[in-house]
Amino acid sequence: MEQIQKVAVIGAGAMGSQIAMLAAMAGCQTTMVDVDQERLDAARDQVLQSAQRQAERGRLEAEAVDQAAARLTTEPDLASAVAEADVVIEAIIEDLDAKRELFGQLGEYTRPDTILATNSSSIVSSRLAEIPHPERVCNMHFFNPALVMRLVEVVGGDHTSQETVETVKALAERMGKTPVVVRQEIFGFIANRIVAAIFDEAISLYEQGIASAEDIDTAVTHGLGHPIGPFALLDLTGIDVNVGIKRLEAQETGDPSRGPSQTLLDLVDQGRLGRKTGRGFYEYGDR
Ligand SMILES: NC(=O)c1ccc[n+]([C@@H]2O[C@H](COP(=O)([O-])OP(=O)(O)OC[C@H]3O[C@@H](n4cnc5c(N)ncnc54)[C@H](O)[C@@H]3O)[C@@H](O)[C@H]2O)c1
C-alpha cells in the first residue's frame, strides 16, 4: 500500500470532499477536482472545518486533521489533477452519462495502472469500464457522512482484477475504514439492500393495517436495537428520494414489482416528503 501516494477525488460535493479529506488524513497527497475553483475553495474550507469539529468531539485524531490540511489541494483542470494519481475516486453527480463521459476522459488522462474507483451507490463500475485497462475499475462505496461512517463496500465486476480490489480495500483500511468486498455487481450492494428490504417489509405491514408506523418503528428500535425505525428513517432521507431509489431498482433489476409502493407515491403526491417539508409519515411541526 505504500505505493499509493497520490489520490485524486473528482466531485467535491457532500461525499467527495469528505473522501478527499480521509485520503489526505491517511497520508496521501490528495487533489480535489470540481467544475470550478469557487466550488472547490468552498468545499475545502467546509470539509476542514467539519473535520476539526469531529476532532473536537474525539471522533477524528486532531493531529491527523491538522496535518491533512497541507496535503489537501484543489485543481479545476481534470487532466493535470489525475496525470500523476495512483488512485482516482469519482464522486460526481449520480448521472450515468456524466460518469461515462468522465471515465472516458480518465481513460485518456491517467496512467494505465491508475486505479479508477467510483463512489456511486447505484451505478456499477462495469457500466463505466469501457476504457483501456478495465481491470483497474471498481466501486468504492462510502457512507454518508464519510468522515465518520466506518463502512466501505468494495465492489468488483467481472472486469475488475483481484489486485485492484485488494489495493482499494487496503486504501480504505488506511483511511481508518472497515472495508467489505462485494463479489458481484448487485443493485444496492449489501447495506442499502438490507435497509431496502426492511423498508419494504415495514411498508407492507403498514399497508396491510397490521400495525401503525409508530408501532413498527418502536418494534424495530426497541426489539432489534436499531437506532432509528424505518418510517422515521424514510422521513429523514426524504420520501421522494426513496421513490427515486425504488424506481431505479425496478429499472435496474427489470422487475416492476420492485418499484415504489402506493403509500410512498401518495405521500409524494401530497407533498409529504418527510422532515424537509415538515410532514411525511410523521408530523414535524414547523420544520
Ligand atoms: N449523498 C450520499 O448519501 C451518498 C452516499 C454514498 C454514495 N453517494 C454517491 O456519491 C456520488 C456523489 O454524491 P454527493 O451526494 O456527494 O453529490 P453532490 O451533488 O453533493 O456532489 C456532486 C459534485 O460533483 C460535481 N460535479 C458534477 N459533475 C462533475 C464533473 N463532470 N466533474 C467534476 N465535478 C463534477 C458537482 O459540482 C458537485 O460538487 C454519487 O455517485 C452518489 O451515488 C452518495
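Ser125 is found in the loop between β5 and β6, where helices (H or I, at least four residues) and strands (E, at least two) are DSSP runs numbered from the N terminus. The model is predicted, so local features need pLDDT of at least 70 and side-chain atom pairs count only at pLDDT 80 or more, whereas totals for chains, interfaces and linings use all residues. Residues are numbered from 1 along each chain as its sequence is written, and side-chain values use heavy atoms, with hydrogens and water left out.

At 0% relative accessibility, Ser125 counts as buried; the term buried denotes under 20% relative accessible area, exposed over 50%, and partly exposed the range in between, computed with a 1.4 Å probe on protein chains only. Apart from neighbours within four places in sequence, Ser125 is in contact with Thr118, Val137, Cys138, Asn139, His159, Thr160 and Glu185, contact meaning heavy atoms within 4.5 Å. With one of these residues, His159, the side chain of Ser125 makes a polar contact, side chain to side chain, at 2.9 Å. A polar contact is a pair of N or O atoms within 3.5 Å; within protein, one must be able to donate a hydrogen and the other to accept it, and residues adjacent in sequence count only if both atoms are side-chain atoms. Ser125 and Lys99 are 26 residues apart in sequence, and their C-alpha atoms are 9.9 Å apart in space.

A second serine, Ser120, also lies in the loop between β5 (115-118) and β6 (137-142). Ser120 counts as buried because its relative accessibility is 2%. The side chain of Ser120 reaches the backbone nitrogen of Ile123 at 2.8 Å. Leaving aside neighbours within four places in sequence, the contacts of Ser120 are Glu94, Lys99, Asn139, His141 and Phe189.

Backbone geometry was examined next. Most residues other than glycine have a negative phi, and most peptide bonds are trans. Phe189, a contact of Ser120, has a positive phi near 55° although it is a residue other than glycine. Phe189 lies in the loop between β8 (178-182) and α7 (191-207) and is buried, with a relative accessible area of 1%. His133, likewise not a glycine, has a positive phi of about 60°. His133 is found in the loop between β5 and β6 and is partly exposed, with a relative accessible area of 38%. A cis peptide bond joins Asn144 and Pro145, with omega about -5°. Pro145 is found in the loop between β6 and β7 (151-155).

The helices were then considered, beginning with α3. The buried residues of helix α3 (residues 62-71) are Ala64, Val65 and Ala68. They lie on the same side of α3 because they cover an arc of only 100° around the axis, the arc being that of the directions from the helix axis to the C-beta atoms. On the other side of α3, Glu63, Asp66 and Ala70 are exposed. The packing partners of the buried residues of α3 are α1 (14-25), α2 (37-56) and β3 (72-74).

Two packed helices are described by the angle between their axes and the distance between the axes. The axes of α1 and α3 come within 8 Å and cross at roughly 105°; axes are lines fitted to C-alpha atoms, for helices over the stretch in contact, and angles run from 0 to 180 degrees between N-to-C directions. The crossing angle therefore makes α1 roughly perpendicular to α3, since angles under 35 degrees count as roughly parallel, over 145 as roughly antiparallel, 65 to 115 as roughly perpendicular and the rest as oblique. Met21, Ala24 and Met25 in α1 meet Ala64, Val65, Ala68 and Arg71 in α3. By class, this contact of α1 with α3 has six nonpolar, no polar and one charged residues. Ala, Val, Leu, Ile, Met, Phe, Trp, Tyr, Cys and Pro count as nonpolar, Asp, Glu, Lys and Arg as charged, and the others, Gly among them, as polar.

Within α1, Ala24 is buried, with a relative accessible area of 0%. Not counting residues up to four places away in sequence, Ala24 touches Thr30, Ala68, Arg71 and Leu72.

Helix α9 (residues 230-237) and helix α10 (residues 239-253) pack at an angle of about 95°, with their axes 5 Å apart. This angle makes α9 roughly perpendicular to α10. Leu234, Asp235 and Thr237 of α9 form the contact with Ile239, Val241 and Asn242 of α10. The residues of this contact comprise three nonpolar, two polar and one charged.
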